[in-house]
Structure formats: structure tokens, C-alpha cells
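Here are my notes for your read-through of this model. Keep the 3D view open and work through the points in order.

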Amino acid sequence: MITEKLQKAINDQIAAELWSANLYLSMSFYMEKEGFGGMAKWLKKQSEEENGHACEMASYLIKRGGVALVDKVDVVPNEFGTPLEVFQQVYEHECRVSKMIDELTDIASAEKDKATQDFLWSFIREQVEEEATAAGVVEVLKKAGEAGIYYIDDKLGARQ
């Protein structure tokens with residue numbers, strides 16, 4: 001059985017993951033409107049991944065005897081700036097998500113719930129990759145400048 005405190009914390013994280021999914025979907029729509037179809041595709045994949053995280057957390061919570069909730073998800077922005085600014089926001093957001101996952105893991109530790117700690121470590125490892133990927137896109141966009149932006153767009157569109 002999972003404690004009430006941990007159940008609430010995981011449900012809060014589910015809401016955060018759904019908000020992240022909506023954020024990336026909004027960014028995808030924005031980038032498509034701006035003519036960057038590859039970046040739009042990359043961001044849509046990111047949205048799908050975040051939605052998958054929410055579902056994975058919900059399934060885990062149910063397996064542990066908890067109740068998974070789809071709570072209110074706040075509105076996300078709709079304007080984001082240049083492609084570089086978009087991906088800087090992606091990087092900053094991934095850093096915030098890492099902090100939330102770390103805090104959730106701390107709660108699991110305080111509740112002495114080793115199974116949940118183990119479950120969350122996969123997300124901690126994934127966040128290292130997410131931050132590095134976003135930071136890498138930011139750096140490539142900085143180096144590419146105006147001349148290389150469509151090349152980068154094409155490369156990001158190749159994401160599977």
C-alpha cells in the first residue's frame with residue numbers, strides 16, 4: 001500500500017506531466033505556424049512522451065493500491081519567440097521537471113517506500129538525458145544561426 005502523502009505527491013506529478021504534455025503540444029503548434037515543421041514534430045513527440053509519463057505514473061499508483069487522478073491542468077502559454085527561445089524554454093522546463101522528480105523521490109524516501117524510490121529512479125535517469133538533449137539543441141541553434149536554422153529544423157524532424 002502507498003501512503004496518502006505519497007499518493008498525493010504522485011498525483012501532483014501526474015498533473016505536472018500532463019501540463020508538460022500540453023506545453024510541448026502548444027510549442028509544437030506554434031512552431032508549425034512559424035514554418036518549422038521539423039521542430040514542431042520534435043515537440044509533438046516530446047508531448048507524447050510526457051503524456052506517457054503521466055500514464056506510467058498512474059498505472060504504478062494503481063498497482064500500489066492508490067487512486068490515480070486526472071486533476072485540473074492549468075493553461076499553457078501560446079507564444080514562445082524564436083526557435084532558440086523556444087528550446088531555451090524547453091531546457092529550463094526540463095530542469096524544473098528534474099527538480100520535481102527529485103522532490104518526489106525525497107518524499108518516497110521519507111515515507112520509507114523503497115518500491116516507489118526504485119520506480120522513480122528511471123525518471124531521474126531519463127531527466128539527465130532530457131536536460132542534455134535540450135541543452136544540445138540550444139547549443140546547435142546558437143551555432144547554426146540564421147543560415148543553418150532550416151537544416152536544424154530538418155534534423156529535429158527526423159526524431160522517431
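1. **A pocket to begin with.** Let's start at the largest pocket, and keep in mind that this is a predicted model. Its lining is made by Phe36, Thr82, Pro83, Leu84, Leu141, Gly145, Glu146 and Ile149. Two elements each give two or more residues to that lining, namely helix 3 (83-110) and helix 4. Helix 4 provides the largest share, with 4 residues.

2. **How roomy, and what kind of walls?** The space in the largest pocket comes to about 160 Å³. Sorted by class, the lining has 5 nonpolar, 2 polar and 1 charged residues. Try picking out the charged one yourself: Glu146 is in the lining list, and Glu counts as charged.

3. **The overall build.** Now zoom out. How many helices and strands does the chain have? The count is 4 helices and 0 strands, and reading along the sequence gives the pattern α-α-α-α. The C-alpha trace spans about 55 × 25 × 25 Å along its principal axes. Of the 160 residues in the chain, 46% are buried.

4. **What the record says about the domain.** UniProt, in an unreviewed entry, puts the feature "domain: Ferritin-like diiron" at residues 1-145. In the model, that span is 81% helix and 0% strand. Its end C-alpha atoms lie 53 Å apart.

5. **The annotated binding site.** The same kind of caution goes for this one: the "binding site" annotation comes from an unreviewed UniProt entry and covers Glu17, Glu50, His53, Glu94 and Gln127. These residues are spread over 111 residues of sequence, yet they cluster in space, with a largest C-alpha distance of 13.4 Å. Take His53 as one of them: you'll find it in helix 2. Is His53 buried or exposed? It is buried, because its relative accessible area is 5% and the cut-off for buried is under 20%.

6. **A first stacked pair.** The structure holds 5 aromatic pairs. One of them is Phe36 with Tyr150: the ring centres are 5.3 Å apart and the planes meet at 15°, so this pair is stacked. The cut-off behind that word is an angle under 30 degrees. The pair links distant parts of the chain, since Phe36 sits in the loop between helix 1 (4-33) and helix 2 (37-63), while Tyr150 belongs to helix 4 (residues 114-157), 114 residues apart. The partners also contrast in accessibility: Phe36 counts as buried because its relative accessibility is 9%, whereas Tyr150, at 54%, counts as exposed. You've met Phe36 already, as part of the lining of the largest pocket.

7. **A second stacked pair.** Tyr60 and Phe119 are stacked too, at 4.1 Å centre to centre with 5° between the planes. Tyr60 lies in helix 2 and Phe119 in helix 4, so the pair ties together parts 59 residues apart in sequence. Both Tyr60 and Phe119 are buried. Add Phe123 and you have one aromatic cluster of Tyr60, Phe119 and Phe123.

8. **A charge over a ring.** Have a look at Trp42 as well. Which residue lies over the face of Trp42? That is Arg159, at 4.7 Å from the ring centre.

9. **An unusual-looking backbone angle to check.** Lys112 has a phi near 55°, a positive value in a residue other than glycine. Lys112 is in the loop between helix 3 and helix 4. With a relative accessibility of 67%, Lys112 counts as exposed.

10. **Sequence distance versus space.** Finish with two pairs to set side by side. Ile10, in helix 1, is buried with a relative accessible area of 2%. The C-alpha atoms of Ile10 and Thr116 are separated by 9.7 Å, with their positions 106 residues apart along the chain. Val138, in helix 4, counts as buried at 7% relative accessibility. For Val138 and Thr105, 33 residues apart along the chain, the C-alpha separation is 28 Å.

Conventions:
Residues are numbered from 1 along each chain as its sequence is written. This is a predicted model: local features need pLDDT of at least 70, side-chain atom pairs count only at pLDDT 80 or more; totals for chains, interfaces and linings use all residues. Side-chain values use heavy atoms; hydrogens and water are left out. Rings of Phe, Tyr and Trp (its six-membered ring) pair if their centres lie within 6.5 Å; planes under 30 degrees apart count as stacked, over 60 as edge-to-face and the rest as tilted. Buried means under 20% relative accessible area, exposed over 50%, partly exposed in between (1.4 Å probe, protein chains only). A charge sits over a ring if NZ of Lys or CZ of Arg is within 6 Å of the ring centre and within 35 degrees of the ring normal. UniProt positions are given in the numbering used here, feature names are shortened, and annotations may be inferred rather than shown by experiment. On a 1 Å grid over the protein atoms alone, a cavity is a set of points where a 1.4 Å probe fits but cannot get out, and a pocket is an open set with protein on both sides within 12 Å along at least five of seven lines; lining residues have an atom within 4 Å of a point. Grid points are joined across faces, edges and corners, and a volume is the space filled by probe spheres set on the points.
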